[in-house]
Amino acid sequence: MDKNRVIITVVLCLVITVGWNYLAEYMGWLPQPVEQTAVQETAKTDSKAPAKVQPAQNTPAPELPVFKAENGRTVTVDTPLYTAIFHSNGGVLQSFVLKNYKAENTPDSPKVDLIGKPASAFAPLGLLIDGDRTWENAAWSLKGSDLTLENGKNGMLVFVGEVNGLRIEREFSFTADTYTITEKTNIINAGTSPRNVRLDYTLDADSMADAGNPYNKTRVAWFTDAEGLDTEDDVEDLGNGISSTLPMMWAGVESNYFIAAIAPKSADLALKAKFQSGVYRIALEKDNIGIAPGNLSTSTATYYFGPKITKYLAAAPNTLSAAENYGFFTVLAVPMLKMINFFEQYVGNYGVAIILLTILIKIAFWPLSRKSYKSMESMKKLQPMMQKIREKYADDREKQNAEVMALYKTYKVNPVGGCLPMVIQIPVFFGLYQALLNAIQLRHASFIDFLPFTNMPWLSDLSAPDPYYITPIVMGATMLLQQLLSPSTGDPTQRKMMLIMPVVFTFMFLNFPAGLVVYWLVNNVLSIFQQWLMLRKA
């Protein structure tokens, strides 16, 4: 009897087990298996021995939801600072338009697009996985829709894709009042074997140069702890491709005024850059990312698309503030730029602000200029005695120089005193030069919009040269007048050489930024006024 009960119990258990599986499957109670998308393998295999798989620094992946690919579509992120358009296939960027900046200094100019149409064809921000173009070879879906963010608001878009047994999740976070975008990238091993993955962040951009400004070049820039900031603007070298295995803090494409950059949270990424079909292309690569079956690896990167403005760059990670670079004379350029901005707040015109700065600098150098003028007057009085020494020791150059130096010592005259103000002002000149070339506040900043009594644009962009060369020519004329008013020193040959200087400076200044020419012109006028005052007192 007990034996029969055991047989009946076993049969009932089998019936319930098998029947339950059929019933649950029929009713849809069982979870569906993850759909796998077939992709064509395009990555080239390495002929060398495979790299050793690093220990997987990752975490168990949560249970993957069913992946359903969707048709590609665009999604727009709109903030007070920019409008960005992404494509759901891979989260690639199609355009990034800055609302507060025009491409050209004309009323009907479009806004600056830091991507541009030629570059958009290369899929900026697309991820490469083991060399695979995920935006082409993976199936994708998008979690989210168009975002319109007001100041202080945040938003997120999530792009999900599958390629070659990997699930990719790209979480883009946006903040309305910054130019930064943060991406958290999850790569999940949905297979049954360990994976060793190579990840590339990419960025592509058109030329960012301004029309009419020969000093504003587009270049590839990168920053490392080992060597600091480095750039390359030679299109021939970039056409051949450049690379660096140094750990990158950030890398990007920049001009004097704008930058599009990638700043990975982990700095152990190598750089590759190339100029191709008129587009500047960069990639930051991390190799040997080990991912165990069912686990995920997470990487984070910050993108910056915007102007080189201190407050925005300072808030970005990885020393991205180093992109705002004024060269060797930064210590002078930055304070002068701050003073120009300070004056502009009150007068509302950057040209007038430069004139006020020039007056301030002239006042600071006034005692030195006065001392210089007195030195030149003393040198003038010594000219007859110096001429007698030259005649007396015409055949003995060494004795002649010794007697002249003794004469300087007797009358306490510094022979270089007259040149000292000019020498000291040279660093100030170069500091202002760097400020005018690289400060975005002065890009398209106007002084005098139109040539008087005409509708011809004139000094409407202080960062670009005077289109009619009027200010350089007037500057040269004032420099010549200043030379004529200066006390005559040295021999006639030296005097003639000094009179050639205004001609040389005029040609030098023809293509200098108009703001710099305005500074030098006003400085000359003030110097002439100072000399006139001293002549009256003499």
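Mentor: A polar contact is a pair of N or O atoms within 3.5 Å, where one must be able to donate a hydrogen and the other to accept it. The model here is predicted.

Trainee: What makes the pairing of the side chains of threonine 218 and serine 207 a polar contact?

Mentor: The two side chains come to 3.1 Å, and the limit is 3.5 Å, so the pair counts. The side chain of threonine 218 also has a polar atom 2.7 Å from the backbone nitrogen of methionine 208.

Trainee: Where is threonine 218, and why is it called buried?

Mentor: Threonine 218 sits in the loop between E13 and strand E14 (219-224). Its relative accessible area is 5%; buried means under 20%, so the word applies. Beyond its neighbours within four places in sequence, the residues in contact with threonine 218 include Asp233, Val253, Glu254 and Tyr280.

Trainee: How do you know that strand E6 and strand E13 pair?

Mentor: Pairing takes at least two bridges. E6 (residues 127-129) and E13 (residues 195-205) have 3, in the antiparallel sense, so they qualify. One of the partners is tyrosine 201 in E13, which bridges to leucine 127.

Trainee: What makes E7 and E16 the edge strands?

Mentor: The open sheet has 6 antiparallel strands, ordered E7-E6-E13-E20-E19-E16. Strand E7 (132-133) and strand E16 (242-244) each pair on one side only.

Trainee: Which strands does E2 pair with, and in which sense?

Mentor: E2 and strand E3 (residues 82-87) share 5 bridges and are antiparallel. With strand E9 (residues 147-148), E2 pairs in the parallel sense over 2 bridges, which meets the minimum of two, so that pairing counts as well. Valine 75 of E2 bridges to phenylalanine 86 in E3, and valine 77 stands opposite leucine 147 in E9. E2 and E3 form a hairpin, with 3 residues between them.

Trainee: What do the side chains along E2 do?

Mentor: They alternate along residues 74-78: Val75 and Val77 point to one face and are buried, while Thr74, Thr76 and Asp78 point to the other and are not. In a regular strand, side chains alternate between the two faces of the sheet.

Trainee: How do you know that the length of helix H6 agrees with its number of residues?

Mentor: H6 (residues 330-347) has 18 residues, so at 1.5 Å a residue it should span 26 Å; the end C-alpha atoms are 25 Å apart, which agrees.

Trainee: Why are its buried residues said to line one face?

Mentor: Down the axis of H6 they fall within an arc of 165 degrees, so they line one face. Those residues are Ala333, Met336, Leu337, Ile340, Asn341 and Phe343. The face turned away from them carries the exposed residues Val331, Lys338, Gln345 and Tyr346. Just after H6, glycine 348 has a positive phi of about 70 degrees.

Trainee: How many residues are in the largest nonpolar core, and which have the most contacts inside it?

Mentor: The core has 78 residues, and those with the most contacts are Tyr82, Phe86, Phe174, Trp250 and Phe305. Tyrosine 82 is in contact with Val77, Phe96 and Phe174, among others further than four places away in sequence.

Trainee: What makes a second core separate?

Mentor: A core is joined through side-chain atoms within 4.5 Å, so a set not joined in that way to another counts by itself. The second, separate core has 40 residues, including Val428, Ala445, Val517 and Trp520.

How values were computed: Residues are numbered from 1 along each chain as its sequence is written. This is a predicted model: local features need pLDDT of at least 70, side-chain atom pairs count only at pLDDT 80 or more; totals for chains, interfaces and linings use all residues. Side-chain values use heavy atoms; hydrogens and water are left out. Helices (H or I, at least four residues) and strands (E, at least two) are DSSP runs, numbered from the N terminus. Buried means under 20% relative accessible area, exposed over 50%, partly exposed in between (1.4 Å probe, protein chains only). Contact means heavy atoms within 4.5 Å. The expected span of a helix is 1.5 Å times one less than its number of residues. The arc is that of the directions from the helix axis to the C-beta atoms.
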